[in-house]
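Visitor: Could you walk me through this one, and show me how each label is earned?
Guide: Sure, let's have a look together.

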Amino acid sequence: MLDLAALKELLASPQKIVITTHHKPDGDAMGSSLGLYNYLIQQGHHATVVAPTDYPDFLSWMPGNDGVIIYTEQPEKAATLIANAALIFCLDFNALGRINEMGALVGESKAYKIMIDHHLEPEDFDDYRHWNINACATAQLIYDFIVNELHHQELVNKDVATCLYTGIMTDSASFRLPNTTSTVHRIVADLIDAGAVNWRIHELVYNSASESRLRFLGHCLANCLEVLPEYNTAIISVNKEDLEKYDVDTGDTEGIVNYALSMASIKLAAFIVERKDKVKLSLRSKGEFPANEICKKYFGGGGHRNAAGGFSTDSLEQVVQQFKTLLPEYKKLLKQ
Ligand code: 5GP
Ligand code: MN
């Protein structure tokens, strides 16, 4: 284990550092990783962000993005970086299974592991932990780590601020979720003061769709949406043929589940999509409904109360059916 004093001592001289995050990184995963990266390089550290898989174009513009190593594309280089690192920062995940095959490499590495995360029930693989499930984003915790634990507010420069703003914006659903507290807004104000151009970041993330993505969204809403009024639940299910037909890229499906949740009466929304080797579920809920409980109990996944995910190796039809079959168990909560 490391305490804060020992960690500060380590960070006082240049170190070989790997920063990693969960597979299929989202805005918080990449924003946190590159935010921390842009902080560390100012102190002369040899830091590299190693992502387990690729991520969407609408996240590929952040400062430092060009240096990111993607494990699935450069596995040997990633393995060497992990094996030689003195410190590995594990951001926005807390179980080694979330980084696929990289989990074994990180687990075996002699490096000190620092977990910064806001998910429930962390596994015990780390040496230092900055963890708070009430944080709206891991990027909020990175800010807190830099400013309140390491006392380096002055190193929150424009690049750091831009990345952390992106993480907070995306994980709080544009500052809309219940955990977007006044503290979060104060942090966001600091990030804008430090140089994050808020309107430009919104443009880059949310107004950068391709025509095919928009047509795919239209298809999902017109042809793939099923509303179950008895359970205040809506499901959008999409098969592989449609993904091919609409030329759906990594990230093109992100956020579609929120359209299903935007209906007034809907408490639970599911986006169920047939990927190459498995069926992936994305659940979103309103208020107290525990979407993560369903993902954990039935679909080998987890997440937050209002945003969770999981997967299954059954067919798309079977997964949709299984999802519908479990709704009666939650009827009381869904009808509240
Ligand atoms: P998404 O629906 O965007 O894929 O995931 C929403 C949230 O659910 C993520 O931020 C992550 O916290 C969680 N999540 C998604 N997939 C999984 C999974 O397979 N396992 C676990 N433990 N959490 C997941
Ligand atoms: Mn997050």
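Guide: Let's start at the metal. The model is predicted, and in this model the manganese ion (ligand 2) has the protein donors Asp 28 (OD), Asp 92 (OD), His 118 (NE2) and Asp 171 (OD).

Visitor: What makes these atoms donors of the manganese ion (ligand 2)?
Guide: The cut-off for this metal is 2.8 Å, for N, O and S atoms. The listed atoms lie 2.1 to 2.4 Å from the ion, so they qualify as donors. Water is not among the atoms, so the site may look incomplete.

Visitor: What spacing do the donors follow along the chain?
Guide: The pattern reads D-x63-D-x25-H-x52-D. Take Asp 28 and His 118: they are 90 residues apart and link distant parts of the chain. Asp 28 sits in helix H2 (residues 27-40), while His 118 is in the loop between strand S5 (112-117) and strand S6 (128-131).

Visitor: Are those two buried or exposed, and how do you know?
Guide: Buried means under 20% relative accessible area. Asp 28 comes out at 0%, so it counts as buried. His 118 has 3%, so it is buried too.

Visitor: What else is in H2?
Guide: Ser 33, for one, is found in that helix. Its relative accessible area is 0%, so Ser 33 is buried. Leaving aside neighbours within four places in sequence, Ser 33 is in contact with Ile 19, Thr 20, Thr 21, Val 49 and Leu 91.

Visitor: Why is Ile 69 not on the contact list of Ser 33?
Guide: Contact asks for heavy atoms within 4.5 Å, and Ile 69 isn't among the residues listed for Ser 33. As for the backbone, the C-alpha atoms of Ser 33 and Ile 69 are separated by 12 Å, with their positions 36 residues apart along the chain.

Visitor: Why is strand S4 (residues 87-91) called mostly covered?
Guide: Five of its five residues are buried. Leu 87, Phe 89 and Leu 91 are on one side, with Ile 88 and Cys 90 on the other, and both faces are covered. In a regular strand the side chains alternate between the two faces of the sheet.

Visitor: What makes strand S1 (residues 16-21) and S4 a pair?
Guide: Two strands pair if there are at least two bridges between them. Here five bridges join S1 to S4, so they pass, and they run parallel. Within S4, Phe 89 is the bridge partner of Ile 19. S4 is also joined to S5 by five bridges, again running parallel, and there Leu 87 has Tyr 112 as its partner.

Visitor: Why is the pair of Tyr 128 and Phe 145 called tilted?
Guide: By the pairing rule there are seven aromatic pairs. In this one the ring centres are 6.5 Å apart and the planes make 50°. Under 30 degrees would be stacked and over 60 edge-to-face, so 50° leaves the pair as tilted. Tyr 128 is in S6 and Phe 145 in helix H5 (residues 138-149), 17 residues apart. Tyr 128 has 8% relative accessibility, so it counts as buried, and Phe 145, at 0%, is buried as well.

Visitor: And what makes Tyr 165 and Phe 175 edge-to-face?
Guide: Their planes are 65° apart, over the 60 needed, so the label fits; the centres are 5.7 Å apart. Tyr 165 lies in helix H6 (residues 158-171), and Phe 175 in the loop between H6 and helix H7 (182-193). Phe 175 also has a positive phi, near 65°, though it isn't glycine.

Visitor: How do you know that the charged end of Lys 278 sits over the ring of Phe 311?
Guide: The distance to the ring centre is 5.0 Å. The rule wants the charge within 6 Å and within 35 degrees of the ring normal, and Lys 278 meets it.

Visitor: Last one: how do you know that the buried residues of helix H13 (residues 316-326) share a side?
Guide: They are Leu 316, Val 319, Val 320, Phe 323 and Leu 326. They cover an arc of only 135° around the axis, so they lie on the same side of H13. The face turned away from that side carries the exposed Glu 317 and Thr 325. What covers the buried residues includes strand S8 (233-238) and helix H12 (291-298).

Methods
Residues are numbered from 1 along each chain as its sequence is written. Chains are lettered from A and ligands numbered from 1 in the order in which they are written. This is a predicted model: local features need pLDDT of at least 70, side-chain atom pairs count only at pLDDT 80 or more; totals for chains, interfaces and linings use all residues. Side-chain values use heavy atoms; hydrogens and water are left out. Buried means under 20% relative accessible area, exposed over 50%, partly exposed in between (1.4 Å probe, protein chains only). Helices (H or I, at least four residues) and strands (E, at least two) are DSSP runs, numbered from the N terminus. The arc is that of the directions from the helix axis to the C-beta atoms. Donors are N, O and S atoms within 2.8 Å of the metal (3.2 Å for Na, K and Ca); water is not among the atoms, so sites may look incomplete. Rings of Phe, Tyr and Trp (its six-membered ring) pair if their centres lie within 6.5 Å; planes under 30 degrees apart count as stacked, over 60 as edge-to-face and the rest as tilted.
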